[in-house]
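Trainee: I keep running into labels for this fold, and I'd like to know what earns each one. Can we go through them together?

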Amino acid sequence: MSEPSHFDSTIDIAPKRLDVAVGVLRNTQGEFLFAQRPEGKPMAGFWEFPGGKVESGESIHAALARELHEELGIDIADSMRWLEVEHVYPHAHVLLHFRIISEWRGKPHGRENQALHWQKLYVNDDGTVSTPSTEPVLPATVPLLAQLAQWTPNH
Ligand SMILES: Nc1nc2c([nH]c(=O)n2[C@H]2C[C@H](O)[C@@H](COP(=O)(O)OP(=O)(O)OP(=O)(O)O)O2)c(=O)[nH]1
Ligand SMILES: [Mg+2]
């Protein structure tokens, strides 16, 4: 049997980048929907926007529609591309595809043992954002909160 090559070991320590579809839901009171990662998942206890991994052959929108149905029991027809963020965690290398959801059918409820909370974004004097009932937020998502806090939808 041959020795493992240098390249094999390089692959082992550089996990493949995963595409993740993430949904930002905002209600008419200006609150955003956060979910808490349940026990058993990497980074359990952290809060995030709902979403999950894109499966092979799936569009980002289709993955998001599937994840929001599985995690929250809601259905969406549309989602609007917002921005992409890449982040390397000890457990995974992710490319997050954030999309804005302005309409959905059904009332969000945690279908995977996760807590949910509609949370307002409070801007501090130093420009950082507090989300008192949903901290800590996943590190890759924190920088986006300041941008979302500026968002004043015209409807
Ligand atoms: N949903 C979501 N994931 C995020 C956010 N920020 C962030 O870094 N992530 C990372 C955490 C995870 O490494 C990855 C999401 O993967 P996941 O474990 O939730 O995937 P999934 O819902 O398909 O879960 P599973 O079926 O594999 O259990 O993206 C965010 O705001 N929302
Ligand atoms: Mg998920």
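Mentor: Let's start with one term: a residue counts as buried if 20 or more other C-beta atoms lie within 10 Å of its own. By that test β2 is mostly covered, as four of its five residues are buried. Keep in mind that this is a predicted model.

Trainee: Why is F32 called buried?

Mentor: F32 has 20 other C-beta atoms within 10 Å, and the cut-off is 20 or more, so F32 counts as buried. F32 sits in strand β2, residues 32–36. Leaving out residues up to four places away in sequence, F32 touches V24, L25, R26, Q119, L121 and L148.

Trainee: How do you know that β2 pairs with β7?

Mentor: Pairing takes at least two bridges between two strands. Four bridges join β2 to β7 (residues 116–119), so the condition is met, and the two run antiparallel. F32 has Q119 as its bridge partner in β7.

Trainee: And what makes β2 and β3 a pair?

Mentor: Two bridges join β2 to β3, and at least two are needed, so β2 and β3 count as paired. They run antiparallel. Q36 has W47 as its bridge partner in β3.

Trainee: What makes β4 and β5 the edge strands?

Mentor: Each pairs on one side only. The open sheet has four strands in the order β4-β1-β6-β5, with mixed pairing. The edges are β4 (51–53) and β5 (80–88). From one strand to the next, the twist averages 20 degrees.

Trainee: How do you know that β1 and β4 pair?

Mentor: There are three bridges between β1 (residues 17–25) and β4, and the rule asks for at least two, so the two strands pair, in the antiparallel sense. V22 stands opposite G51 in β4. As for what lies over these strands, helix α2 (residues 60–72) crosses β1, β4 and β6 (93–101), at about 65 degrees to β1.

Trainee: Why are F49 and P50 labelled "binding site"?

Mentor: That label comes from UniProt, in an unreviewed entry, which places the feature at R37, E48, F49, P50 and G51. Such annotations may be inferred rather than shown by experiment. What the model adds is where these residues lie. F49 is in the loop between β3 (47–48) and β4, and P50 lies in the loop between β3 and β4 too.

Trainee: They're in a loop, so are they buried or exposed?

Mentor: Buried, both of them. F49 has 21 other C-beta atoms within 10 Å and P50 has 25, set against a threshold of 20 or more. Sequence neighbours up to four places away aside, F49 touches V22, G23, V24, F34 and T141. On the same basis, P50 is in contact with G23, L33, A35, E67, L68, E71 and L72.

Trainee: What makes G51 and E71 a cluster in space?

Mentor: UniProt places a "binding site" feature at G51 and E71, again in an unreviewed entry. The two are spread over 21 residues of sequence, yet the largest C-alpha distance is 7.7 Å. G51 is found in strand β4, while E71 lies in helix α2.

Trainee: And why do G51 and E71 count as buried?

Mentor: Same test. G51 has 22 other C-beta atoms within 10 Å, so G51 is buried. E71 has 20, and the definition reads 20 or more, so E71 is buried as well. Setting aside neighbours within four places, G51 touches V20, A21, V22, G23, L64 and E67, and E71 is in contact with A35, P50, R111 and E112.

Trainee: Which residues are closest to ligand 1?

Mentor: E48, G51, G52, K53 and A140 are the closest of the 19 residues that surround ligand 1. The elements giving two or more residues to that shell are β1, β4 and β6. β4 gives the most, with three.

Trainee: What is the make-up of that shell by class?

Mentor: Eleven nonpolar, four polar and four charged residues.

How values were computed: Residues numbered from 1 in each chain as written. Chains lettered and ligands numbered in written order. Predicted model: local features only at pLDDT ≥ 70, side-chain atom pairs only at ≥ 80, totals over all residues. Axes fitted to C-alpha atoms, helices over the stretch in contact; angles between N-to-C directions. Contact = placed C-beta atoms within 7 Å. Buried ≥ 20, exposed ≤ 12 C-beta atoms within 10 Å, placed from the backbone. Near = placed C-beta within 6 Å. Nonpolar A, V, L, I, M, F, W, Y, C, P; charged D, E, K, R; others polar.
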